[in-house]
Amino acid sequence: MAANNGFYYINRYKCDNNTVTINSILLLFIFMNAQLSFTDEVKTNTSVIYNKIKNTIPDIEWPFIAPYIHEINKLKKQTNTVILAHNYQTPQIFYGVADIVGDSLALAIEASKVKEDNIIMCGVHFMAETAKIMSPNKKVYLPNLKAGCSLAASITGQDIVNLKKKHPGVPVVSYVNTSADVKAETDVCCTSANAVKVVESLGVDKVLFLPDEYLAKYVASKTKVEIISWHGKCEVHEKFSEKEIAELRKNYPGLTIIAHPECPPEVIKASDFAGSTSHMVNYVKDKKPKNVFLVTECSMSDNIQIENPDVNFIKPCNICPHMKSISLSNILDCLQNKKNEILIDNNIIERARGSIEKMIAIGRQD
Ligand code: 13P
Ligand code: SF4
């Protein structure tokens with residue numbers, strides 16, 4: 001009974017009409033096998049959520065989605081659990097069950113402050129590890145332990161050890177999209193919301209900046225500090241091309257284009273603004289562009305559009321398969337069966353925490 005968000009996104013973005021119909025039928029079949037039912041109580045208790053997200057979900061799917069939302073919200077209270085969700089989660093998770101939402105930096109900060117005994121991270125593995133490192137006495141769960149990240153997979157702790165030998169004395173700045181082992185070998189972490197600020201805070205001429213090659217190039221374009229980079233790439237953002245941006249500009253005159261700094265440099269150059277997912281949220285809220293294209297993961301536009309109904313979002317987006325492997329059914333499974341707990345060696349937690357704490361102390365850049 002997997003309520004797979006993949007179907008949801010395939011329906012809306014990537015397929016022709018026949019595939020859409022087949023996928024919708026498959027989705028309904030999967031939900032119909034579930035034990036949960038759309039009772040009057042469920043309908044009443046989820047009506048506020050439905051009104052908020054109804055434009056992102058076909059009417060026919062709601063009776064199968066609502067019982068999951070209802071059950072998750074009931075169980076998380078009973079089990080003293082808080083649900084954190086990244087901006088790339090689907091509206092049904094982002095608005096339906098999450099207590100705290102945000103970019104990678106916000107999730108790291110919030111994870112260090114939660115009061116509840118249990119944390120469910122609706123995001124990817126490195127985010128759940130970061131939460132565990134910041135709250136080692138809490139139980140942290142990731143609804144799908146296979147939810148990885150191409151950037152985090154591109155580098156190991158041993159790679160950092162080797163790089164430090166090759167560049168003695170050069171501080172290591174690691175993107176938060178890395179494993180706990182990498183963070184344990186890191187001087188200070190950063191996210192795309194503060195990468196330049198973190199690099200400049202060190203007051204040095206040269207840094208090792210890992211693992212995202214494109215983020216490293218973006219930072220290098222904004223600072224005089226010499227950046228030694230690695231060859232990691234985000235499999236979602238590297239797919240956007242300058243040609244795609246040029247075509248969009250031709251088809252939508254006056255279009256505002258906002259790129260994530262994990263995009264290739266030529267895509268960032270062709271855009272009007274570059275920023276983290278939170279920067280994107282704030283840009284749209286403050287500037288209210290008429291037509292906007294967010295050069296990033298698909299759920300960003302859906303989630304921001306709900307709060308900004310007057311803005312028109314152009315959506316040829318790319319899906320992160322790792323983010324989309326989190327679903328209402330595996331969140332419920334986590335809550336019911338205490339499945340998929342994140343466990344990290346205490347020694348690694350101790351060595352990794354300093355690099356995240358330093359990042360949090362530096363804070364966001366404008
Ligand atoms: P931010 O939310 O920090 O911009 O991160 C984007 C990302 O790719 C997370 O996986
Ligand atoms: Fe990793 Fe890219 Fe997916 Fe973010 S969007 S989790 S950086 S693969």
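These are my notes from a look through this structure, which is a predicted model.

**Entry 1: the two ligands**

I started with ligand 1. Its surroundings are Asn87, Asp103, Ser104, Leu105, Asn177, Thr191, Ser192, Ala193, Cys234, Glu262, Ser276 and Thr277. I sorted that shell by class and got three nonpolar, seven polar and two charged residues.

Then I went to ligand 2. I found 13 residues around it, with Val124, Cys149, Cys234, Val236 and Cys320 as the closest. The classes here come out as seven nonpolar, three polar and three charged. Cys234 caught my eye: it is in the shell of ligand 1, and it is also listed among the closest residues to ligand 2.

**Entry 2: the core**

Which residues have the most contacts inside the largest nonpolar core? I wrote down Leu84, Met121, Cys122 and Ile331, in a core of 102 residues. I picked Cys122 and listed its contacts, skipping neighbours within four places in sequence. They are Ile83, Leu84, Ala85, His86, Gln89, Ile93, Ala98, Pro143, Ile326 and Ile331. So two of my core names, Leu84 and Ile331, turn up again beside Cys122.

**Entry 3: H8 against H18**

Next I checked how helix H8 (residues 125–134) sits on helix H18 (residues 346–362). The angle between them is about 100°, and the axes are 9 Å apart. That angle makes H8 roughly perpendicular to H18. On the H8 side I noted Thr130, Ile133 and Met134; they meet Ile349, Ala352, Arg353 and Ile356 of H18. By class, this contact has five nonpolar residues, one polar and one charged.

**Entry 4: H12 and the proline before it**

Is helix H12 mostly covered or mostly open? Covered: six of its eight residues are buried. I listed Glu213, Tyr214, Leu215, Ala216, Tyr218 and Val219 as the buried ones. They pack against quite a mix: strand E5 (172–175), helix H11 (195–201), strand E7, strand E8 (226–228), helix H14 (265–269) and strand E10 (273–274).

Just ahead of H12 I looked at Pro211, which lies in the loop between strand E7 (206–210) and H12 (213–220). The peptide bond from Leu210 to Pro211 is cis, with omega near -5°. I made a note of it because most peptide bonds are trans.

**Entry 5: two positive phi values**

I also looked for backbone oddities in phi. Most residues other than glycine have a negative phi. Lys288 goes the other way, with a positive phi of about 40°. I found Lys288 in the loop between helix H15 (277–287) and strand E11 (291–295). Lys288 counts as exposed because it has 12 C-beta neighbours inside 10 Å.

Asn340 is another case, with phi near 65°. Its place is in the loop between helix H17 (328–337) and H18, the helix I met in Entry 3 packing against H8. Asn340 has 19 other C-beta atoms within 10 Å, so it is partly exposed.

**Entry 6: Phe38**

Last, I went to Phe38, in the loop between helix H2 (17–32) and helix H3 (40–45). Is Phe38 buried, exposed or partly exposed? It has 16 C-beta neighbours inside 10 Å, so it counts as partly exposed. Phe38 is 26 residues from Phe64 in sequence, yet their C-alpha atoms are 7.0 Å apart. Leaving out residues up to four places away, I have Phe38 touching Lys43, Pro63, Ala66 and Pro67.

How values were computed. Residues numbered from 1 in each chain as written. Chains lettered and ligands numbered in written order. Predicted model: local features only at pLDDT ≥ 70, side-chain atom pairs only at ≥ 80, totals over all residues. Axes fitted to C-alpha atoms, helices over the stretch in contact; angles between N-to-C directions. Helix = DSSP H or I, 4+ residues; strand = E, 2+ residues; numbered from the N terminus. Parallel < 35°, antiparallel > 145°, perpendicular 65-115°, else oblique. Contact = placed C-beta atoms within 7 Å. Nonpolar A, V, L, I, M, F, W, Y, C, P; charged D, E, K, R; others polar. Near = placed C-beta within 6 Å. Buried ≥ 20, exposed ≤ 12 C-beta atoms within 10 Å, placed from the backbone. Core = buried A, V, L, I, M, F, W, Y, C linked by C-beta atoms within 7 Å.
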